[in-house]
Number of protein chains: 2
Amino acid sequence: MAVTIKDVAKLANVAPSTVSRVIANNPRISEKTKLRVREAMKKLGYHPNLIARSLASQSTKVIGLVFPSSDIFFQNPFFSTVIQGLSEGAHEKQYALQMSTGKTEEEIFEGVVHMVQGGRVDGIILLYSRVNDQVLNYLRERHFPFLVVGKPYECAEEITHVDNDNCRASRDAAEYLLGLGHTKIGFIGGSEKLVVTIERLLGYKEALRENGLPILPEYIIHEEFHREGGQDAVKKLLSLDIPPTAFVVTDDIMALGVVNTLVEMDIKLPEQVSVISFNNVLLADMSRPPLTSIDINIFELGYQAARSLIQMLENDNEPVKRIIIPHQLVERLSCERVENKLIAHK
Amino acid sequence: MAVTIKDVAKLANVAPSTVSRVIANNPRISEKTKLRVREAMKKLGYHPNLIARSLASQSTKVIGLVFPSSDIFFQNPFFSTVIQGLSEGAHEKQYALQMSTGKTEEEIFEGVVHMVQGGRVDGIILLYSRVNDQVLNYLRERHFPFLVVGKPYECAEEITHVDNDNCRASRDAAEYLLGLGHTKIGFIGGSEKLVVTIERLLGYKEALRENGLPILPEYIIHEEFHREGGQDAVKKLLSLDIPPTAFVVTDDIMALGVVNTLVEMDIKLPEQVSVISFNNVLLADMSRPPLTSIDINIFELGYQAARSLIQMLENDNEPVKRIIIPHQLVERLSCERVENKLIAHK
DNA sequence: TTGTAAGCGTTATCAT
DNA sequence: ATGATAACGCTTACAA
């Protein structure tokens, strides 16, 4: 059996509670005893049992992570990078990260309940935001500390969240294309259930509207966040009578699908068609041509999420916060000023 | 405060121990009481406190994950996919996954000690294998249950591990190129401290030797597992008096760097130079030309790792195992039969 | 400044 | 088949 607080107490000739106080660095213990106790701890190679500590103190120093059920999320570099940020934010405050596992939505939900009611985590970070989310509703009802990476669909002002200004970012993207003279701009987004898609669509529409351009429903396509999604979308758009000359694509991976498809169709990028996308993951500049993309600072999203949740956990009635991570447009070579070279009508 | 076993006991008119037995589905409890107790649990919305259970039973049902310290690991899709496999394997047996956090090697080591001595995990999975690893040595010394994804550098027969036959895989890769008539084959590998690099280099050498070809030290380059690594390596190799006509690259991402660099140098793929790589991550077929790559079944690596560790945890003296995940060569368009079109000497 | 003792919510060993 | 009761290893009033 491992060495416990009692063993240390015995060796140092003090009570177990004293050892506990030394660990907590309680100021009411004399330096002399502290020294003696610490020596005993070192001698025995003592390390506190975190489970026992959690039980006694009702706090685990563990943060639960909830991912969306879709496989697609894992395939996207967003996942890795946000984890890196979370990891760094958590580590700084000595918190551990635990992942929910499960494939279906239902399994994930049960996993969260297990974590929460089982007392295994002090708080939860949701790494997605969708319409009518069961997990979010559950956490709210139980008043369990949690935070959303992304913008909650409802009651955003009552839920702490870390997000980009996606509406603005999308407006920036569309305005960039408008600035290059494009007037026929298509929008290729992810699932309409995802708040991020909703927001980016909004920004796109705002930009068009403010520039006096019509919003054409046939120019707006929703597909999954993967390459095939981008491929399907661009095919649909290019088969229109008057196809767009530029695309706002809400994810780099989708954009790669778009680019590949265009290349296969022998359409020149950026001479004939411009593409701007989101996330600026590593792949963005591995594409040929490299993608102009809106960098949303994924690492920072994760880092601030971890920090903010820990703040909520450590300070009673920390106010609800909305943390906006800045984005920036990274110009590469996938967009060009529109000349009169239109795509031949089909 | 949450509802406990005592509350359930009171409502069902039994002793707490009986409730505990019902939870464990102990056969010595009558069906009648089981029913009554379960009803009470449902009525109160009871959920066992996992922390208390862990303390009493000295087992957490949590697996600790240890990543290499390098940022590069996270940027590689290997990370996401192996996590998916681990997640599925763990979930099936109701285990949770906890990640070690920390940037430097030292921080990670401390994180592991914290997890282990703190009793927070029942076992550990190392997601890398390198020469002289501090973490591995620590776990061995303490006889703490753990398993390695990859081949341990030393005492591989005493440590359960889940791996590919990397030596064989690399031989397959080299032989494939030899089969296409290449005789000047370069090797671009990762850090020499990583066992995977060592093994793949070995396989490469074996293939050359068995085919009566010389092993040229200047044809062997080690770089980091990222795109720049591939770029640097190929530049070095192409500046040789007699540059290779084909490359075995031990990672897809590096291979992308190789391909991009070749394109920039106006060297035609696969007409002038062939490239074969490892891992077959999604990017492999997004490259132009799409990469011929050895699929090492990353998901399966993770999945089997989780399952095997759980077996070790649940069965006393489970024997040490070596689990080899099969690989297969996926032919795409980055390799071609060598004709007499050599690269012009520099 | 330090010790005593009562929890924290389970499991597990005795009894009965 | 079920009930007391003692762990599990720590924290934290309350005493002294």
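**Protein–DNA contacts, chain symmetry and a mixed sheet**

In the side chain of A:R53, an N or O atom lies 3.1 Å from a phosphate oxygen of DNA strand D, a polar contact being a pair of N or O atoms within 3.5 Å (within protein, one must be able to donate a hydrogen and the other to accept it, and residues adjacent in sequence count only if both atoms are side-chain atoms). The model is predicted, with local features requiring pLDDT of at least 70 and side-chain atom pairs pLDDT 80 or more, whereas totals for chains, interfaces and linings use all residues. Residues are numbered from 1 along each chain as its sequence is written, chains are lettered from A and ligands numbered from 1 in the order in which they are written, and side-chain values use heavy atoms, with hydrogens and water left out.

Chain B also contacts DNA strand D through its backbone. A polar backbone atom of B:A15 is placed 2.8 Å from a phosphate oxygen of this strand, and a polar backbone atom of B:S30 is likewise 2.8 Å from a phosphate oxygen. Around DNA strand D there are 25 residues, of which A:I5, A:S20, A:Y46, B:T18 and B:R21 come nearest; a residue is near a molecule or strand if one of its heavy atoms lies within 4 Å of it. Of the atoms of DNA strand D that come within 4 Å of the protein, 62% belong to sugar and phosphate. The surface near this strand comprises 11 nonpolar, 10 polar and four charged residues (Ala, Val, Leu, Ile, Met, Phe, Trp, Tyr, Cys and Pro count as nonpolar, Asp, Glu, Lys and Arg as charged, and the others, Gly among them, as polar). At least two residues of that surface are supplied by each of α2 (16–23) and α4 (50–57) of chain A and α2 (16–23) and α4 (50–57) of chain B; helices (H or I, at least four residues) and strands (E, at least two) are DSSP runs, numbered from the N terminus.

DNA strand C is surrounded by 26 residues, with A:S17, A:T18, A:R21, A:T33 and B:S20 coming nearest. Sugar and phosphate make up 60% of its atoms within 4 Å of the protein. A base oxygen of DNA strand C lies 3.0 Å from a polar side-chain atom of A:S17. Phosphate oxygens of DNA strand C are approached by a polar side-chain atom of B:R53 at 3.0 Å and by a polar backbone atom of B:N49 at 3.1 Å. Helices α2 and α4 of chain A and α2 and α4 of chain B each provide at least two residues of the surface near DNA strand C, which holds 11 nonpolar, 11 polar and four charged residues.

Chain B is superposed on chain A by a rotation of 180° with 0.0 Å of shift along its axis, at an RMSD of 0.1 Å; the least-squares fit uses the C-alpha atoms of residues with pLDDT of at least 70 in both copies. The two copies are therefore related as by a two-fold rotation axis. Both copies use the same surface, 100% of the contact residues of chain B recurring in chain A (contact means heavy atoms within 4.5 Å). Within chain B, the residue closest to the rotation axis is B:Q98, at 2.2 Å (C-alpha).

Chain A contains an open, mixed sheet of six strands in the order β7-β6-β8-β9-β10-β12, two strands being paired if DSSP finds at least two bridges between them. Its edge strands, β7 (220–222) and β12 (328–330) of chain A, each pair on one side only. Strand β10 (residues 292–295) of chain A pairs with β12(A) in the antiparallel sense over three bridges, and A:D295 has A:Q328 in β12(A) as its bridge partner.
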